[in-house]
Every structure is written in C-alpha cells, then in structure tokens.
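Colleague: I have a new model open and would like to learn how to read it. Could you walk me through it, one feature at a time?

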Amino acid sequence: MRASPEFQVSLHRFGVWRSAALLLAVFGVSSLLAWWLTHERPVGVVATTATTAAGLTVVWLAAALAKVPALILRWDGQLWHIGRAGSVPDEPVPGDLVVTVDLGQWMLLRFEPAVPDRRRRVIWLPVQRRGIEPHWHALRCAVYSPRPPVTTDAGAEP
C-alpha cells in the first residue's frame with residue numbers, strides 16, 4: 001500500500017461535539033437535581049454544597065470541552081502538522097494523528113506532538129464531515145493510510 005498524498009484542511013465546525021458536550025452537561029445537572037429533589041430526608045448543608053459544586057463542575061467541564069479553536073491540519077506525506085487558523089497562525093506543530101473514535105460522519109482524533117513539552121501536548125480533535133465535505137474523503141484516507149517508514153541516513157554511525 002502507498003501513503004496518502006499531501007493535503008491540508010481547515011477545521012472550524014464543531015457542532016456535533018458542542019451538542020454532545022451540552023447534552024452531557026444537561027444529563028449531569030439533571031441527575032444531580034433529581035437526586036437532590038427526590039432525597040427522602042432533608043438534605044443538609046454539606047450535601048447541598050457538594051451537589052452545587054458538582055453541578056457547577058459539570059457545567060464548567062462542558063463549557064471547556066465545547067471550546068475548540070479553529071485549526072489547520074496538514075499531512076505532508078511523512079508527518080501531520082497542526083496550527084491555529086487565523087490571520088497570524090502559530091508555527092505548525094509536527095506529530096502523529098491517531099483515530100480513536102470513528103462514527104462515519106464524525107471522528108475523534110488524537111494528535112500527539114513529535115516533541116511533547118508543556119506547551120505542546122496531546123490535542124483531541126473532534127472532526128465532522130459537515131463543513132469539510134470536499135476534503136472528508138482525503139482526510140479519512142490519510143488518517144487510515146499506512147505511514148511511510150522512518151528514513152535514517154545510511155552513512156550515519158550509531
């Protein structure tokens with residue numbers, strides 16, 4: 001098998017991901033509220049405080065998950081590169097891309113930088129077909145295509 005050709009795609013639509021985060025927040029807060037309302041004995045101050053803190057934490061986590069910046073994803077035939085989209089994009093970070101969830105019209109991808117550090121860590125990319133229809137097939141081919149072997153200099157000594 002041969003590797004996928006080079007290509008680049010701008011990821012800026014995350015409606016499915018944001019809807020799922022909102023739905024999880026609604027379910028989480030609803031279950032906490034249902035527990036609080038149906039508790040047989042009067043709920044004490046500690047339980048009320050803990051339930052409120054848990055509800056706020058669920059809402060905060062959902063808001064944090066829903067915030068996904070627009071990104072440029074590029075395959076150069078050897079490595080994946082990711083950078084922020086915008087008027088002044090950051091220096092693209094090289095790394096590897098792995099499919100973790102594939103639902104046909106939506107994928108969750110994990111980008112691992114080639115050289116991880118505090119600023120460059122694993123990035124989770126929720127990618128949906130809507131918004132990138134012309135590039136969807138090329139993206140799927142590239143993420144599933146075999147990676148070319150890592151080349152080393154024949155003249156270099158170990």
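**Reading a fold, step by step**

Modeller: Let's start with one pair of side chains: those of H81 and D76 make a polar contact at 2.8 Å. Keep in mind that this is a predicted model.

Colleague: Where does H81 lie, and is H81 buried or exposed?

Modeller: To judge burial, we look at the relative accessible area, and under 20% counts as buried. H81 lies in strand β3. Its relative accessible area is 12%, so H81 is buried.

Colleague: Which residues is H81 in contact with, leaving aside its neighbours within four places in sequence?

Modeller: I72, L73, R74 and D76 are among them, and so are P92, V93, P94 and F111. One of these has a special position: P94, in β4, stands opposite H81. Strands β3 and β4 pair in the antiparallel sense, over three bridges.

Colleague: What is on the other side of β3, and how many bridges join β2 and β3?

Modeller: β2 and β3 (residues 80–84) are joined by five bridges and are also antiparallel. One bridge pairs I72 with G83 of β3. The two strands form a hairpin with four residues between them, where G77 has a positive phi near 95°.

Colleague: How do I read the side chains along a strand such as β2?

Modeller: Follow the residues in turn and note the face to which each one points. In β2 (residues 71–75) the side chains alternate. L71, L73 and W75 point to one face and are buried. I72 and R74 point to the other face and are not buried.

Colleague: How many bridges join β1 to β2, and which residue stands opposite L73?

Modeller: There are five bridges between β1 (residues 7–11) and β2, which run antiparallel. The residue opposite L73 is V9.

Colleague: In what order do the strands of the whole sheet come?

Modeller: Six strands make an open sheet, ordered β1-β2-β3-β4-β5-β6, with antiparallel pairing. β1 and β6 are the edge strands, each pairing on one side only. On average, neighbouring strands are turned by 35° against each other, ignoring direction. Helix α3 packs on this sheet and touches β1, β2, β3, β4, β5 and β6. The direction of α3 makes about 115° with that of β1.

Colleague: Why should I look for a nonpolar core?

Modeller: Because nonpolar side chains tend to be buried together in soluble globular proteins. Here, the largest nonpolar core has 25 residues. L73, W80, L97, L125, V127 and L139 have the most contacts inside it. At least two core residues come from each of β1, β2, β3, β4 (93–102), β5 (106–113), β6 (123–128) and α3 (133–144). β5 gives the most, with five residues.

Colleague: Let's take L97 from that list. Which residues is L97 in contact with beyond its neighbours within four places in sequence?

Modeller: L97 touches L73, W80, L109, R110, F111, L125, V143 and R147. Two of those partners, L73 and W80, you have just met among the core residues with the most contacts.

Colleague: Can we finish with a helix residue? Is A62 buried or exposed?

Modeller: A62 is found in helix α2 (residues 45–66). Its relative accessibility is 11%, so A62 counts as buried. Setting aside neighbours within four places in sequence, A62 is in contact with A21 and A25.

Colleague: And what separates the C-alpha atoms of A62 and A20?

Modeller: The separation is 9.0 Å, although the two residues are 42 residues apart along the chain.

Terms used:
Residues are numbered from 1 along each chain as its sequence is written. This is a predicted model: local features need pLDDT of at least 70, side-chain atom pairs count only at pLDDT 80 or more; totals for chains, interfaces and linings use all residues. Side-chain values use heavy atoms; hydrogens and water are left out. Buried means under 20% relative accessible area, exposed over 50%, partly exposed in between (1.4 Å probe, protein chains only). Two strands pair if DSSP finds at least two bridges between them. A nonpolar core is a set of buried Ala, Val, Leu, Ile, Met, Phe, Trp, Tyr and Cys residues joined through side-chain atoms within 4.5 Å. Contact means heavy atoms within 4.5 Å. A polar contact is a pair of N or O atoms within 3.5 Å; within protein, one must be able to donate a hydrogen and the other to accept it, and residues adjacent in sequence count only if both atoms are side-chain atoms. Axes are lines fitted to C-alpha atoms, for helices over the stretch in contact, and angles run from 0 to 180 degrees between N-to-C directions.
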